[in-house]
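Trainee: Before I plan any bench work, could we go through this structure together, one question at a time?

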Amino acid sequence: MNLILLHTEADGTLSKLSLETLAATIALGAPFSVGIVGENTASAADSIATCGAGKFLTITGPEFGQARYATDAAAAEALIRAVGPDLVTTPATSRWNRVLPGVAHRIGGKVDSHVTGLVMADGKPQATRWFYRQRMEAVFSRSTRPWLLALEGGIAAAWTGAAGTANAEAVSLTVPVSRTSVIGFEAPAADQQTIRPDADLLFVTGAGWTKKQSDGLVKTAEAETLILDFLRLSRSSLGSTKSLVDLGGEGVAVLPFLSHMNQVGQTGSTPRHAKGLSTCCHGEEPHTVGWRFIGERRAISLDANCGWSRGKADILYVADAFAVMEKVNVLLGR
Amino acid sequence: MNIIVCGSLVPDPLQTLEPITGPTGPALKNEMMLPSWLDPWAGHALYEASNLAAKNPGSKVYLVSLGPKAKLQQVMMTVAQKVPFELIALDGSAGGFTDAAETAAAIAEAISAIPGLDLNNTLIFGGWESASRGAGATMQIVGERLGITDQFEGVDSLEIQADGSLKIMERVEGGKHQISVCTAPPAVLGWATGNLPEPRNNPQVGMANMRGIMPSLQKAKPSPVTTGDIAFASVSLPSQTRTTQVVKDVPPDQIAAELVAWIRG
């Protein structure tokens, strides 16, 4: 028996990543139950009522509407103990990533996170994940049960099916004492948010935007306008190289809208988008892991041998990004 | 306040890594020869710890580090120049293929053994994941082993408020931060990047640190962490090389038109 652990979003629905995890676990072909945690779980359970789960278990209440270690870990532990599964899968959300290792320890299981592949091999589940910051890929299994796995996006297409009546069973749980309260969220205003995980395109900016250009002048203000205009017009997500983010962190007025949250690469994120366009990026090969999970890749650089481009991009335009992006923005604005 | 930073060494990211099969499972070719540095996320945690300690007089920063003793010594020569700390060294593998649960057990045991440690006045820091195993699992298990259930991951900011409570910002989906308040220590914080630049080298700090680091290395407890119950079927380098079409001497207008068609396509 497998268990799929899900949590609801703020609006009571299940995320796309949750539905992908559901599909990936169903594909293993073993009987499974679904456990859902949230402030209101009924509609979420009903939305996947026809997925084939043997049982739907829920832990519901206002305390579980907040992502908090003590309550989430207790809820996950209770659901796992109620089912007694061999395998537990969760979407690799910040909420489950926070608690899953601790839960594994509590129940005497083992845990693996950032799983990018899950199949059955010789009748046993086998997982794939990266090591050394996307520089090596390993396929492995474990003998300990339960085995808890946090699945990254893109492993399977999101489950689609008819809604129904899940007849979910409520699992009772004494809410643990927590000294932590979630008091809110901080995010840039919607029109200033530059990180858009659902965007088709990742736009990567490198330190070249802040260097002296062909006329010997630094054009940071112009770079800022071009980049922000492009983000607005294309609705793309903004990534940045470490060097450019670090310049801002050191107090240099570079591109003020960039933060470490935008950083991709060895010490940044490895976002997943269908397309990627890098501009003015320079660097050694290991730093380009930032767009390892980007489908189609194009680059604009004055350096034809740049590590970000050669062997990494499908098409490299050897050109001045300022000139090209100005024209791109004009065309996108029409 | 005590701030205990858990962090170890990782290979220099500019080095080419090659997996091999060793007697106990996968390993890196010439692992002991590879130049190493402090794991970047653990580094952020250490710098944040030092900054916090400086703002709270009487605080003490510990660095609990599990790695091969010889490599630890090499890395500490550099790290010691950055901020004041007391090293608690554990002699064992810092490899990425070892099991996070075993690493966590060794670290938690070392923390528990700190003489006179008042856990209720202690913050446990570390990176939200390492640049070797990259699992983001060790800190939570350390916390569980120490009985700490106020845990935060992907932390970018910690502020001690006037009433002694901790205001913490954690990264969540969509480029947002979740803001939480924890009434008091103890707590576990797995740091993302934080907001501090890498401190400049300070030879005086280095001299003071090294007086404690060398004895700590000499008495480093053997901590034979392994791959545990993991059975590796394969470990391979990704084949990511693409055939790049290089477009030169084309006017910006033409490139722009091509890009816009591609973006909209």
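What follows is a conversation about a predicted model with its chains, their contact and their cores.

Trainee: How many residues does the contact take from chain A, and how many from chain B?
Mentor: Since the model is predicted, it helps to know that totals for interfaces use all residues. Counted in that way, the contact takes 71 residues from chain B and, from chain A, 76 residues.

Trainee: Which element gives the most to the side of chain A that touches chain B?
Mentor: Both helices and strands of chain A give two or more residues to that side, among them helix H3 (69-83), strand E5 (110-121) and helix H7 (321-333). By character, the residues of this side divide into 35 nonpolar, 23 polar and 18 charged. The element that gives the most, with eight residues, is H4(A).

Trainee: Which residue of chain B stands opposite Ile315(A)?
Mentor: Strand E15 (315-318) of chain A is one of the elements on the side that touches chain B. Three bridges join E15(A) to strand E15 (residues 245-247) of chain B, and the two run parallel. Within E15(B), the residue opposite Ile315(A) is Gln245(B).

Trainee: How far apart do the C-alpha centres of domain 1 and domain 2 of chain A lie?
Mentor: The domain assignment of chain A places domain 1 at 2-170 and domain 2 at 190-333. Between the C-alpha centres of these two domains of chain A, the distance is 34 Å.

Trainee: Which element gives the largest share of the largest nonpolar core?
Mentor: In soluble globular proteins, nonpolar side chains tend to be buried together. The largest nonpolar core here has 126 residues, and those touching the most other members are Leu149(A), Val5(B), Ile107(B), Phe125(B) and Leu189(B). The largest share of this core is nine residues, and the element that gives it is H3(A).

Trainee: How many residues are in the second, separate core?
Mentor: This core includes Phe230(A), Leu255(A), Met261(A) and Leu316(A). Its size comes to 41 residues.

Trainee: What percentage of the contacts in chain B between residues at least 6 apart in sequence join residues at least 24 apart?
Mentor: Chain B has six helices and 15 strands, and buried residues make up 49% of its 265 residues. As one example of contacts beyond neighbours within four places in sequence, Val5(B) is in contact with residues including Ala42(B), Val61(B) and Phe125(B). For contacts in chain B between residues at least 6 apart, the share that joins residues at least 24 apart is 77%.

How values were computed:
Residues are numbered from 1 along each chain as its sequence is written. Chains are lettered from A and ligands numbered from 1 in the order in which they are written. This is a predicted model: local features need pLDDT of at least 70, side-chain atom pairs count only at pLDDT 80 or more; totals for chains, interfaces and linings use all residues. Two residues are in contact if their C-beta atoms, placed from the backbone, lie within 7 Å. Helices (H or I, at least four residues) and strands (E, at least two) are DSSP runs, numbered from the N terminus. Ala, Val, Leu, Ile, Met, Phe, Trp, Tyr, Cys and Pro count as nonpolar, Asp, Glu, Lys and Arg as charged, and the others, Gly among them, as polar. Two strands pair if DSSP finds at least two bridges between them. Domain bounds come from an automatic or database domain assignment. A nonpolar core is a set of buried Ala, Val, Leu, Ile, Met, Phe, Trp, Tyr and Cys residues joined through C-beta atoms within 7 Å. A residue is buried if 20 or more other C-beta atoms lie within 10 Å of its own, exposed if 12 or fewer, and partly exposed in between; C-beta atoms are placed from the backbone.
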